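Trainee: I have this model open and would like a close look at a single part of it. Could you pick one strand and walk me through what surrounds it, step by step?

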Amino acid sequence: SRAPARSLRRSPSPAKTIVNALADQGYEVIEFEREHGRIEIKVSKDGRRWEMKIDAKTGKITRVKTDD
């Protein structure tokens with residue numbers, strides 16, 4: 001009997017997918033926190049900062065506000 005192959009990949013989590021999408025759009029992820037089924041991300045771009053709240057299961061952005 002062989003050990004399971006280690007090359008099997010899991011799908012990226014919604015959080016990882018969102019962080020990667022933001023980085024691809026030129027945002028710098030400043031802070032990332034998971035709690036109570038939500039993800040909170042603070043990002044910056046072009047001198048502006050935003051705070052986003054995201055549902056950890058669906059990846060849906062539930063709130064966006066400027067973080068001045």
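**A close look at strand β2**

Mentor: Let's start at a turn. β1 and β2 form a hairpin with two residues between the strands, and there His36 takes a positive phi near 55 degrees. Keep in mind that this is a predicted model, and β2 is the part we'll follow.

First, the overall layout. The protein has one helix and four strands, and along the sequence they come in the pattern α-β-β-β-β. The four strands make an open sheet, ordered β1-β2-β3-β4, with antiparallel pairing. At the edges sit β1 (28-35) and β4 (61-66), each of which pairs on one side only. From one strand to the next, the twist averages 15 degrees. As a bit of background, strands of a sheet pair through backbone hydrogen bonds, and the pairing can be parallel or antiparallel.

Now go to β2 itself, which covers residues 38-45. What joins it to β1? Seven bridges do, with the two strands running antiparallel. On that side you can find Glu28 standing opposite Ser44 in β2. Turn to the other side, and eight bridges join β2 to β3 (residues 48-55), again in an antiparallel run. Ser44 is a handy marker here too, as it stands opposite Arg49 in β3. The hairpin of β2 and β3 has two residues between the strands, and in it Asp46 takes a positive phi near 55 degrees.

Next, look at what lies over the sheet. Helix α1 (residues 14-24) lies across β1, β2 and β3, and it runs at about 10 degrees to β2. How much of β2 is covered? Mostly covered is the short version: six of its eight residues are buried. For the protein as a whole, buried residues make up 26% of the 68 residues.

Some of that burial belongs to the largest nonpolar core, which has twelve residues. Among them are Ile39, Ile41 and Val43, along with Ile18, Leu22, Trp50 and Ile54. α1, β2 and β3 each supply at least two residues of this core, and α1 gives the most, with four residues. To see how the pieces meet, click on Ile54: leaving out residues up to four places away in sequence, its contacts include Ile18, Ile39 and Ile41. Ile54 also touches Gly59, Lys60, Ile61 and Thr62, among others.

Here's a part that's worth slowing down for: β2 also holds charged residues. Take Glu40, which lies in strand β2. Is Glu40 buried or exposed? Glu40 counts as buried because its relative accessibility is 18%, and the cut-off for buried is under 20%. Not counting neighbours within four places in sequence, Glu40 is in contact with Glu31, Phe32 and Glu33, and also with Glu51, Met52 and Lys53. With Lys53 there is something extra: a polar contact of 3.3 Å joins the two side chains, Glu40 and Lys53.

Then move along to Lys42, another residue in strand β2. Lys42 has a relative accessible area of 18%, so it is buried as well. Beyond four places in sequence, Lys42 touches Glu28, Val29, Ile30 and Glu31, plus Trp50, Glu51 and Asp67.

That last name, Asp67, takes us to the segment after β4. Which residues does Asp67 meet, leaving aside its neighbours within four places in sequence? They are Lys42, Arg49, Trp50 and Glu51. With Arg49, the C-alpha atoms are separated by 5.2 Å, although the two residues are 18 apart along the chain. Remember Arg49? That's the residue in β3 that Ser44 stands opposite.

Let's put β2 back together. Bridges join β2 to β1 and to β3, and helix α1 lies across all three of these strands. Within β2, Glu40 is buried, and so is Lys42. Asp67, from the segment after β4, is in contact with Lys42.

Technical notes
Residues are numbered from 1 along each chain as its sequence is written. This is a predicted model: local features need pLDDT of at least 70, side-chain atom pairs count only at pLDDT 80 or more; totals for chains, interfaces and linings use all residues. Side-chain values use heavy atoms; hydrogens and water are left out. Two strands pair if DSSP finds at least two bridges between them. Axes are lines fitted to C-alpha atoms, for helices over the stretch in contact, and angles run from 0 to 180 degrees between N-to-C directions. Contact means heavy atoms within 4.5 Å. Buried means under 20% relative accessible area, exposed over 50%, partly exposed in between (1.4 Å probe, protein chains only). A nonpolar core is a set of buried Ala, Val, Leu, Ile, Met, Phe, Trp, Tyr and Cys residues joined through side-chain atoms within 4.5 Å. A polar contact is a pair of N or O atoms within 3.5 Å; within protein, one must be able to donate a hydrogen and the other to accept it, and residues adjacent in sequence count only if both atoms are side-chain atoms.
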